[in-house]
Amino acid sequence: IDLGFYEDGAWVIADYKTDRVKTAEGLKDRYAGQLDLYEAALVQATGQPVREKWIYSFDLSKEIRI
């Protein structure tokens, strides 16, 4: 997890990616499983839910909600 914060009773997590890609869908397909594992680890460690998962693509200069 590159960024995680707890807000309003739930976690928000983000992971930064430097992959060179043409579409956001490519990143979502490639990394959704990784963010799911981060979510499971946070829930197990804290007992609190994850509300949002994001990837920030440096190549696309945009955030992508998972």
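**Exercise 1. The surface and the overall form**

Task: State how much surface the protein exposes, and which share of that surface belongs to carbon and sulfur atoms.

Solution. The accessible surface of the protein comes to about 4200 Å². Carbon and sulfur atoms hold 50% of that area. Keep in mind as you go that this is a predicted model. Turning from the surface to the interior, buried residues make up 30% of the 66 residues.

Next, take the dimensions. The C-alpha trace spans about 35 × 20 × 15 Å along its principal axes. The radius of gyration is 12 Å, which agrees with the value near 11 Å for a compact globule of 66 residues.

**Exercise 2. The order of the elements**

Task: Work out how many helices and strands the protein has, and in what order the elements run from the N terminus.

Solution. Start with the count: there is one helix, and there are four strands. Then follow the chain from the N terminus, and the elements read β-β-α-β-β. Strand β1 covers residues 3-7 and strand β2 covers 10-17. Helix α1 takes up residues 24-46. Strand β3 runs over 50-57, and β4 over 62-65.

Now look at contacts along this chain. Of the contacts with a separation of 6 or more, 52% are between residues 24 or more positions apart.

**Exercise 3. The nonpolar core**

Task: Find which residues make up the largest nonpolar core, and which element gives the most to this core.

Solution. Seven residues form the largest nonpolar core: Val21, Ala24, Leu27, Tyr31, Leu35, Ile55 and Ile64. Helix α1 gives the most to this core, with four residues. There is a general background to this: in soluble globular proteins, nonpolar side chains tend to be buried together.

Take one core member from the list, Leu35. Setting aside neighbours within four places in sequence, Leu35 is in contact with Ile13, Asp15, Lys53, Trp54, Ile55 and Ile66.

**Exercise 4. Two residues of strand β3**

Task: Decide whether Ile55 is buried or exposed, do the same for Ser57, and list what each one touches.

Solution. Begin with Ile55, which lies in strand β3. Its relative accessible area is 0%; the cut-off for buried is under 20%, so Ile55 is buried. Beyond four places in sequence, Ile55 touches Asp15, Lys17, Leu27, Tyr31, Leu35, Lys62, Glu63, Ile64 and Ile66. For one of these, Ile66, the C-alpha atoms are separated by 7.2 Å, with the two positions 11 residues apart along the chain counted as their separation.

Ser57 is also placed in strand β3. With a relative accessible area of 0%, Ser57 is buried. Leaving out residues up to four places away, Ser57 touches Lys17, Val21, Leu27, Lys62 and Ile64. As a check on distance, Ser57 and Ala32 are 13 Å apart, C-alpha to C-alpha, and 25 residues apart in sequence.

**Exercise 5. Two residues of helix α1**

Task: Classify Val43 and Gln44 by their relative accessibility.

Solution. Val43 lies in helix α1. Its relative accessibility is 33%; partly exposed covers the range between 20% and 50%, so Val43 counts as partly exposed. Apart from neighbours within four places in sequence, Val43 is in contact with Gln48, Pro49 and Val50. The C-alpha atoms of Val43 and Asp2 are separated by 17 Å, and these residues are 41 apart along the chain.

Gln44 lies in helix α1 as well. Its relative accessible area is 73%, so Gln44 is exposed. Gln44 and Gly4, 40 residues apart in sequence, are 15 Å apart in space from C-alpha to C-alpha.

**Exercise 6. Positive phi in two loops**

Task: Locate Asp8 and Ser61, and give the phi of Asp8 and of Ser61.

Solution. First, the expectation: most residues other than glycine have a negative phi. Asp8 is not a glycine, yet its phi is positive, about 55°. Asp8 sits in the loop between β1 and β2, and is exposed with a relative accessible area of 74%.

Ser61, likewise not a glycine, has a positive phi of about 55°. Its place is the loop between β3 and β4. At 53% relative accessibility, Ser61 counts as exposed.

**Exercise 7. The charges**

Task: Find how many positive and negative side chains there are, and how far apart the centres of the two sets lie.

Solution. Count first: the protein has 9 positive and 12 negative side chains. Then compare the centres of the two sets, which lie 6 Å apart.

How values were computed:
Residues numbered from 1 in each chain as written. Predicted model: local features only at pLDDT ≥ 70, side-chain atom pairs only at ≥ 80, totals over all residues. Heavy atoms only, no water. Rg over C-alpha atoms; globule rule 2.2 N^0.38 Å. Buried < 20%, exposed > 50% of the residue type's maximum accessible area, 1.4 Å probe, protein only. Contact = heavy atoms within 4.5 Å. Areas by Shrake-Rupley, 256 points an atom, 1.4 Å probe, with all protein chains shown as cover. Lys, Arg positive; Asp, Glu negative; His and termini not counted. Charge placed at Lys NZ, Arg CZ, Asp CG, Glu CD. Core = buried A, V, L, I, M, F, W, Y, C linked by side-chain atoms within 4.5 Å.
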